[in-house]
Amino acid sequence: MTTSTTTVLTVNGSRREVSAEPDTPLLWVLREDLSLPGTKFGCGIGMCGACTIHVDGAATRSCQVPLASLEEGAQIVTIEGLPGEGVPGTADEPGERGLHPIQDAWLEAQVPQCGYCQPGMIMAAAALLRENPTIDAETVRASITNICRCGTYPRVAEAVAAAARALGQS
């Protein structure tokens, strides 16, 4: 029998204390304990990417991260906090719609179909753009391994390329 422990995290810029069993996946802490439903459960084995978030700036599959593995004060960003996450080379402010530049590009390219995988895709794309703001569509296809049952991959690549162009112009 395991017992709950209290962990302090920074989630979307706010300090949060969480009491959960150490082996509880971060995905469930975000969804159930912190009421952040944007991060989705997909496969539960880290393959599909529906649960992708940022941990200390890196795209991370939250279903594979036990709460106990996080450093005290780890910086976690979910889809709900993405508009406030700065993008290097830009003013750290959301765009005209109050969204992150990749979210604006997502809407312009009309990427979502059913939408279930989209928060994870967007988080993976945002992390990729942070690493390489001048990325091309070929690199996007090779780098983002999230799974979309609707097959929106061409539109994902289009949106990321558009966001990269927009970021390059700022």
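**Entry 1: salt bridges**

I looked up arginine 141 and found it exposed, with a relative accessible area of 51%. The model I am reading is a predicted one. The side chain of arginine 141 meets that of glutamate 138 in a salt bridge, at 3.8 Å from N to O. Glutamate 138 also counts as exposed, at 56% relative accessibility. I noted the spacing of the pair: because glutamate 138 and arginine 141 are three residues apart in helix H4, about one helical turn separates them.

How many salt bridges does the count come to? I recorded two. Besides the pair in H4, I found arginine 15 and glutamate 17, whose side chains meet at 3.3 Å, N to O. Arginine 15 is exposed, with a relative accessible area of 58%, and glutamate 17 counts as exposed at 52%. As a general remark, side chains of opposite charge can pair when their charged atoms come close.

**Entry 2: threonine 10**

From arginine 15 I went to threonine 10, which lists Arg15 among the residues it touches. Leaving out residues up to four places away in sequence, I also recorded contacts of threonine 10 with Gly73, Ala74, Gln75 and Ile76. Threonine 10 is found in strand S1, residues 5-11. Is threonine 10 buried or exposed? I noted a relative accessible area of 15%, so threonine 10 is buried.

**Entry 3: cysteines**

I searched the whole structure for disulfides and found zero. Cysteine 43 is in no disulfide, and the nearest cysteine sulfur, that of cysteine 48, is 3.8 Å away. Cysteine 117 is likewise in no disulfide; its nearest cysteine sulfur belongs to cysteine 148, 3.7 Å away. The cut-off settles both cases: a disulfide requires sulfur atoms within 2.5 Å. I then checked the exposure of these residues. Cysteine 43 is partly exposed, with a relative accessible area of 31%, whereas cysteine 117 counts as buried at 9% relative accessibility.

**Entry 4: helices H3 and H2**

I turned next to helix H3, residues 118-131. H3 has 14 residues and reaches 20 Å from its first C-alpha to its last, close to the 20 Å expected at 1.5 Å a residue. Why do I describe H3 as largely enclosed by the rest of the structure? Twelve of its 14 residues are buried, so that description follows. The buried residues of H3 begin with Gln118, Pro119, Gly120, Met121, Ile122 and Met123. They continue with Ala124, Ala125, Ala126, Ala127, Leu128 and Leu129.

In helix H2, residues 101-108, I listed Ile102, Gln103, Asp104, Ala105 and Trp106 as buried. Just after H2, I recorded a positive phi of about 50 degrees at glutamine 110.

**Entry 5: further positive phi values**

The value at glutamine 110 led me to look for others. In general, most residues other than glycine have a negative phi. Serine 35 is not a glycine, yet I read a positive phi of about 55 degrees there. Serine 35 has its place in the loop between helix H1 (26-33) and strand S3 (52-55). Its relative accessible area is 54%, so I entered serine 35 as exposed.

Aspartate 56 also has a positive phi, near 50 degrees, in a residue other than glycine. I located aspartate 56 in the loop between S3 and strand S4 (58-61). With a relative accessible area of 52%, aspartate 56 is exposed.

**Entry 6: asparagine 132 and aspartate 56**

What separation did I find between the C-alpha atoms of asparagine 132 and aspartate 56? They are separated by 17 Å, and the two residues are 76 residues apart along the chain. Asparagine 132 is found in the loop between H3 and H4. At 30% relative accessibility, I counted asparagine 132 as partly exposed.

**Entry 7: a nonpolar patch**

Last, I looked up nonpolar patches on the surface. Which residues make the patch of about 410 Å²? I recorded Ile45, Met47, Ile147 and Tyr153. Of these I followed isoleucine 147, which lies in the loop between helix H4 (137-143) and helix H5 (153-169). Isoleucine 147 is partly exposed, with a relative accessible area of 42%. This value meets the accessibility condition for the patch, because patches are made of residues with over 30% relative accessible area.

Terms used
Residues are numbered from 1 along each chain as its sequence is written. This is a predicted model: local features need pLDDT of at least 70, side-chain atom pairs count only at pLDDT 80 or more; totals for chains, interfaces and linings use all residues. Side-chain values use heavy atoms; hydrogens and water are left out. Patches are made of residues with over 30% relative accessible area and no salt bridge: like charges are joined within 9 Å, nonpolar side chains (Val, Leu, Ile, Met, Phe, Trp, Tyr) within 5 Å. Accessible areas come from the Shrake-Rupley method with a 1.4 Å probe; for residues, only the protein chains shown count as cover. A salt bridge is a side-chain nitrogen of Lys or Arg within 4 Å of a carboxyl oxygen of Asp or Glu. Helices (H or I, at least four residues) and strands (E, at least two) are DSSP runs, numbered from the N terminus. Buried means under 20% relative accessible area, exposed over 50%, partly exposed in between (1.4 Å probe, protein chains only). The expected span of a helix is 1.5 Å times one less than its number of residues. Contact means heavy atoms within 4.5 Å.
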